[in-house]
Amino acid sequence: MRHATLRTATALVAVGALALTGCGGDGGGKDEGKGGTDSAPTVRLPKLDGQTLQVTAVWTGPERENFTKVLAEFEKRTGAEVEFVPSGDDMAGFIGSKVAGGGAPDVAMLQQVGVLQEFAKKGWVKPLGPAAKKELSKNFSKGWQDLGSHGGKSYGVYFKASNKSLVWYNTQAFENAGVSEPKDWKGFLKTARTLADSGVEPVSVGGADGWTLTDWFENVYLSQAGPEKYDQLAKHEIKWTDPSVKQALTTLGSLFGAKGLLAGGNGGALQTAFPQSVTQTFKDEPKAAMVSSADFAAANIGQTKAEIGTDAKVFPFPAVGKESPVVTGGDVAVALKDNKASQALLTFLASTDAARIWAAEGGFVSANKKLDPEVYPNAVFREIGKALVAAGDDFRFDMSDQAPASFGGKPGQGEWKALQDFLKNPEDVAGTQAQLEKDAAKSFGN
């Protein structure tokens, strides 16, 4: 697929630098957005009275609640009955066990490109039908269509996208410490130290969920090593023992290995799950001043009393090299059963009708180019959405999500486990590299 140009990176980074004052709100910072279901339907769906549909995704908490609203609209328009089944973080393992037992769900929301590719090779996912393909080609750029394809066939719809190169911060903590938004890594570490000296632990890390650590690494690596190296490492065309990986881990270790910069210390970070890493930053008595997270952290901020734009603001991930990085991610809907109901749901998820519902709730960004940005609940998400669409096919996708699931997408093994071990012992750069290369070589088969 095509990759990010400097123009696109600059445009997306500029989004994170927006002044957020006055964009406060509920569960993602609502202001004058239009809402999710006001517009006339843009796609016709079949009548599915009496049919049941099982859908699985990793989402919990407010993300699950908002996705359930999308499914409820599908039920209302088709007459089908939809059951949501949480998969847990190990989606590949969950689906594998269900397929082996003969009880696979009808539709799955996959988080990794590598998992989609694996499932397609095994014949577990079914190609998109004509109606879903029509909506997909009408509403999404070729880059997003290609991400959901394998062997020249379209299998998936990227319903939910994300900008994973953001840092959210507690404005009161910043004001109390007399610090401002840092622009580069050196400034970031200096800001963190000043925050620590003011009496608040600076950086919240959700290390219990290994994927959060891959995001930290990818942002540092993309900014420091550059896009060509990023692409090569993503495909395992260079080894994880490469000097560029050593440099990135050493840089990341300057945060993870510094005394007093992580909320709860390294041990506490390893026991903190992603949702908690966000909410503890914005509680009435915060345990941290900032947390690096994608735009979907807005949904977790919405579980606190903090208002986006006043109590919670955001800046681009600090530049380690010449430019701040821009890493995107996303959740792709695929059919595991080729039936009328599954294809109808994929058609719905490829439409603006479905995107509009969650977009209005906050904590959601869509690559659907036909979605009216006015449905987003505040100016921040409107600009993020506009920039994502304006990027077209020019973006860098999450590196671990491109890897085989055994390396980039499973708890307790591969990249997730190696980086958790690194968080535990940030001085062991060489050992971390060796383990990453061993696991990658096994998963990639080279």
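Select Ser204 first, and you will find that it stands opposite Val291 in S9, on a stretch where S8 and S9 pair in the parallel sense over two bridges. Strands here are DSSP runs of E with at least two residues, helices are runs of H or I with at least four residues, and both are numbered from the N terminus; two strands count as paired if DSSP finds at least two bridges between them. What you have open is a predicted model, in which local features need pLDDT of at least 70 and side-chain atom pairs count only at pLDDT 80 or more, while totals for chains, interfaces and linings use all residues. Residues are numbered from 1 along each chain as its sequence is written, and side-chain values use heavy atoms, with hydrogens and water left out.

**The sheet**

Now widen the selection to the open sheet of four strands, whose order is S8-S9-S7-S10 and whose pairing is mixed. Its edge strands are S8 (203–204) and S10, each of which pairs on one side only. Strands of a sheet pair through backbone hydrogen bonds, either parallel or antiparallel.

Next select strand S7 (residues 166–170), where five of the five residues are buried, so that the strand is largely enclosed by the rest of the structure; buried means under 20% relative accessible area, exposed means over 50%, and partly exposed lies in between, with a 1.4 Å probe and protein chains only. Leu166, Trp168 and Asn170 point one way from S7, whereas Val167 and Tyr169 point the other way. S7 pairs with strand S9 (residues 290–292) in the antiparallel sense over three bridges, and on that side Trp168 stands opposite Val291. Five bridges join S7 to strand S10 (residues 312–316), again running antiparallel, and there Val167 stands opposite Phe315.

**The salt bridges**

Which side chain meets that of Lys160 in a salt bridge? Select Glu63, and the pair appears at 3.3 Å, N to O. Lys160 lies in strand S6 (residues 156–163) and Glu63 in helix H2 (residues 61–78), so this contact ties together parts that are 97 residues apart in sequence. Both Lys160 and Glu63 are buried. A salt bridge is a side-chain nitrogen of Lys or Arg within 4 Å of a carboxyl oxygen of Asp or Glu, and by this rule the count comes to 14.

Move on to Arg77, whose side chain meets that of Asp353 in a salt bridge of 2.9 Å, N to O. This pair links distant parts of the chain, with Arg77 in helix H2 and Asp353 in helix H16 (residues 352–361), 276 residues apart. Add Arg356 to the selection, since Asp353 also forms a salt bridge with Arg356, the closest N and O atoms being 3.8 Å apart. Salt bridges that share partners thus join Arg77, Asp353 and Arg356 into one network. Arg77 and Asp353 are buried, and Arg356 is buried as well.

**The largest cavity**

Finally, select Lys164, Trp211, Thr212, Asp215, Trp216, Phe274, Ser292, Ser293, Ala294 and Phe296, which line the largest cavity. A cavity is a set of points, on a 1 Å grid over the protein atoms alone, where a 1.4 Å probe fits but cannot get out, and lining residues have an atom within 4 Å of a point. About 80 Å³ of space lies in this cavity, and the structure holds four cavities of 30 Å³ or more. The largest share of the lining, four residues, comes from helix H9 (residues 210–225).

Technical notes. 1 Å grid on protein atoms, 1.4 Å probe; cavity = no way out; pocket = protein on both sides within 12 Å on 5 of 7 lines; lining within 4 Å. Points joined across faces, edges and corners; volume = space filled by probe spheres on them.
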